[in-house]
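Here's a predicted model to poke at. Let's go through it question by question.

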2 protein chains.
Amino acid sequence: MCIETALDRLRNLLGSRFVTSDAVRSIHGRNETWYPETPPDGVAFPESTEDVAQILRICSEERCPVVPWGTGTSLEANALAVRGGISLDMGRMDRILAIHSEGLDAVVQPGVTREALNTHLRDSGLFFPVDPGANASLGGMAATRASGTTALRYGTMRENVLALEVVLADGRVIRTGSRARKSASGYDLTRLIVGSEGTLGVITELTLRLQGQPEAISAAICRFDSIRGAVDTVIQTIQMGVPMARMEFVDDRTVRGFNFHSGGSMPEAPHLFLEFHGSESAVAEQAATVAEIAADNGGAGFEWSTRTEDRAALWKMRHNVHYAYQTLRPGCMPMTTDICVPISRLAEAVLETRADLDASPITGAIVGHVGDGNFHTGLLIERGNAEELAIAKDLAGRMNARALRMGGTISGEHGIGLGKMDYMEAEHGPAWEVMAQLKRCLDPLNILNPGKVVRID
Amino acid sequence: MCIETALDRLRNLLGSRFVTSDAVRSIHGRNETWYPETPPDGVAFPESTEDVAQILRICSEERCPVVPWGTGTSLEANALAVRGGISLDMGRMDRILAIHSEGLDAVVQPGVTREALNTHLRDSGLFFPVDPGANASLGGMAATRASGTTALRYGTMRENVLALEVVLADGRVIRTGSRARKSASGYDLTRLIVGSEGTLGVITELTLRLQGQPEAISAAICRFDSIRGAVDTVIQTIQMGVPMARMEFVDDRTVRGFNFHSGGSMPEAPHLFLEFHGSESAVAEQAATVAEIAADNGGAGFEWSTRTEDRAALWKMRHNVHYAYQTLRPGCMPMTTDICVPISRLAEAVLETRADLDASPITGAIVGHVGDGNFHTGLLIERGNAEELAIAKDLAGRMNARALRMGGTISGEHGIGLGKMDYMEAEHGPAWEVMAQLKRCLDPLNILNPGKVVRID
């Protein structure tokens, strides 16, 4: 009953699909934030649900930690094997099993990435809307309850996962949910697994909602004199019920990064990046409404376009924000934070955060899916500089406290991983212990991604 | 440690707010389906969260069942105290605690009904969209994961409950969720409680999403030669992505009921009742699109109106369907069923069901929130006639099997209660046992609404 025995047994089971080389372990020990590389003891590459079930049975018997791995793009060290054990790389379970065009859903394995699914759907008139920026795996996106730029219109993974196949810690395989749009049949196990970050079960199949491509799409950009003007435009647009598809805020610092990164020359001021989906006339009407609200709030240079190239360029720039930040301080490591507040508190939350950053010795920029009340800061710290890391963690901690004070949450979309563990009790109070009870109930030996989300020992 | 002792202790605790009179017990023993009256041993009327916590502590100590009660409008005997114990009538916890107009949410106690909330919101420009027909309590609606006519556009209780206060079986009080629109912070306890039918905890406070009143609303009605024409209109409209607010199907038998009940003279043919929300022009455009689809599918007499009176009359007629059915067979008891299938299987599901009803000796009518793939039959059986009840149960069972065969669910919105227990294993397989594990974890003494949703003894 030890990790070594588990590794031997997994090697016997999986042959060349179980790897303990330094190179492969190293890749599965990396993370997109400040945690040091933490290689697992081995990496398993399952190719079927039965593989996953057998791996979990062995790991249960040997008390060996199992940490599911998608594409490694999570931002709070969610997939690090901090207690050793194995990384369960789902990348080979990457088949699109069914597209139900008439039912508007897709059945996929967890290793399919969102871009692979959308490429596959290209000629179908359908698309999968959830877009966290990174080309993450759909299994990982479900596990982290990802959202991103289009959640405003289409919801997060919470709303877009219809059904799951899940392998539990003891190797049992269950199916949750169905292809029906809604259900009042029993406990919502689908939503329990979505966002559980691999701590309650391993997702081996997903049924996802698809959307019809809108008849028309237009994108717009608008700059503002002040953060308040931009954020008030967002608040008023949401309150008026304009069915926005995307509504992204970037501050002046972020624009500077975009300019450095892509050689652009946007004025270094707060901007909104917008997208409208609907019929030709609806899209034009929505753009006109928002242009008017923006003008009332000091917006200038409102430009909109239905040209695919213009849109693609805009969102490519936005999606590259992580790299753009690196140009603001060459060689730095952007530490990315994530909070979400009620829309009525958004201006206050962003302004307080900006002031906090301005008072700090390190450079920080703000970007966010503000239509949801969700925003991030990129804190540009020197890799290995303990003092700067401490300042950045302190800034991030104050953002968490701010979110909670304003009735919000410490994570809108990045999840808890390791980075947010210290704030869970403050957010959830006695409900955090209830989460631990559920964890003990479904994973009594604590083998699934131990050390994350809940504290049980 | 017995129910008698619990009753004594509750009497001491609550005084006149604990009632064991036959009249009050009888009211709390009724249900909207065929189950015989099943009075609880007593009825408690808590007025605060602390009352609920104290009641649950006593009932835990005495192993006394506690069955939360809203307005008694559930349709699968969900709130019957089938193992005795007390009915926990939440009706006195009926305060609207806060309306956050700028944040678009409301904080309410569980006894507030949806109509009371909407009356309160009347001059605010906001409304709460979920509309199951009955003027149910919001706590009961959350517990049953209710939906209804507008779920197509605004989602069910799953999407519209942001946060909850819940008292657990042992008296612990927890808060789940926050006022933020989305969160990736820990397990989704809100969604675990929503739809748990009072078996995992008692809801003592809800934070609900509100919607802005759309600029324009229009309603439409259209009749069809055939069920297929009506249902195909629905499927094609959904597939085209028209953002419908309501899309209700009624068959010829249902129309006959409406005519009898409200003295109308609609042609006895399948109809769609529709509603569009949006800007003036969007509403007109949507209506034109659907009119065209309907015409292609044999629709006739498409009429639409933006007059509030016309709309109110249409939806009043629809909401009274339960009473309309009673006019089809005076003195009968309509037994109402509920399944939900993927939209692509809707025509098949409705047609098979209609054929099954036609082959049966009892009268049945079909009505449904078909835009979601969700529909009901009203089976008109004679009260106390065991033979007819057996036939009706058999028809309902075949509907459940049909839903599962087509990738759907045995309940879109009525929940499991007692009526659907026999089909849970068929729908969920080994996941049903996982639900039982969660129940044992959170309510180890099985005092909360025992005998419902899960089977644990």
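Q: In which sense do β2 and β4 of chain A run relative to each other, parallel or antiparallel?
A: This is a predicted model, so read what follows as computed from it. Strand β2 (residues 42-44) and strand β4 (residues 86-89) of chain A are joined by 3 bridges. One contact point is A:Val43, whose bridge partner in β4(A) is A:Ser87. The two strands run parallel.

Q: Which strands of chain A stand at the edges of the sheet that holds β2 and β4?
A: That sheet is open, has 4 strands and shows mixed pairing, with the order β1-β2-β4-β3 (chain A). An edge strand here pairs on one side only. In chain A that picks out β1 (18-19) and β3 (66-69).

Q: What angle does helix α3 of chain A make with β4(A)?
A: Helix α3 (residues 49-61) of chain A packs on this sheet, where it touches β2, β3 and β4 of chain A. Taking its direction against that of β4(A), you get about 170°.

Q: Which residue in the hairpin of β8(A) and β9(A) takes a positive phi?
A: Strand β8 (residues 161-167) of chain A runs antiparallel to β9(A), with 5 bridges between them. A:Val167 sits opposite A:Val173 of β9(A). The hairpin has 5 residues between its strands, and the one with a phi near 95° is A:Gly171.

Q: Why do β5 and β9 of chain B each have one side without a neighbour in the sheet?
A: The sheet is an open one of 5 antiparallel strands, in the order β5-β6-β10-β8-β9 (chain B). β5 (96-100) and β9 (173-177) of chain B are at its edges, so one side of each is left free of a neighbour in the sheet. The reason comes down to each having a single partner strand.

Q: Which residue is the bridge partner of B:Ala163 in β9(B)?
A: Strand β8 (residues 161-167) of chain B pairs with β9(B) in the antiparallel sense, over 5 bridges. Among the bridged residues is B:Ala163, and its partner in β9(B) is B:Gly177.

Q: At what angle does helix α3 of chain B run to β8(B)?
A: Helix α3 (residues 49-61) of chain B lies across β8, β9 and β10 (202-209) of that chain. Within the sheet, neighbouring strands are turned against each other by 15° on average, ignoring direction. The helix, though, runs to β8(B) at about 50°.

Q: How much area is buried between chain A and chain B?
A: The contact takes 75 residues from chain A and 75 residues from chain B. In chain A, the residues losing the most area to chain B are A:Lys182, A:Ala184 and A:Tyr187, together 16% of what that side buries. Carbon and sulfur atoms give 56% of the buried area, which is about 5900 Å².

Q: How many salt bridges are there between chain A and chain B?
A: One of the salt bridges joins A:Glu413 to B:Lys182, with the closest N and O atoms 3.4 Å apart. Polar contacts between the chains come to 36 residue pairs (both at pLDDT 80 or more). For salt bridges, the count is 4.

Q: Which element gives the most residues to the side of chain A that touches chain B?
A: That side divides into 29 nonpolar, 28 polar and 18 charged residues. Elements that give two or more residues include α9 (227-239), α11 (280-296) and α17 (430-442) of chain A. With 10 residues, the one that gives the most is α17(A).

Notes:
Residues numbered from 1 in each chain as written. Chains lettered and ligands numbered in written order. Predicted model: local features only at pLDDT ≥ 70, side-chain atom pairs only at ≥ 80, totals over all residues. Heavy atoms only, no water. Contact = heavy atoms within 4.5 Å. Buried area = accessible area lost by both parts, 1.4 Å probe. Salt bridge = Lys/Arg side-chain N within 4 Å of Asp/Glu carboxyl O. Polar contact = N/O pair within 3.5 Å; in protein donor to acceptor, adjacent residues only side chain to side chain. Nonpolar A, V, L, I, M, F, W, Y, C, P; charged D, E, K, R; others polar. Pairing = 2+ DSSP bridges. Axes fitted to C-alpha atoms, helices over the stretch in contact; angles between N-to-C directions.
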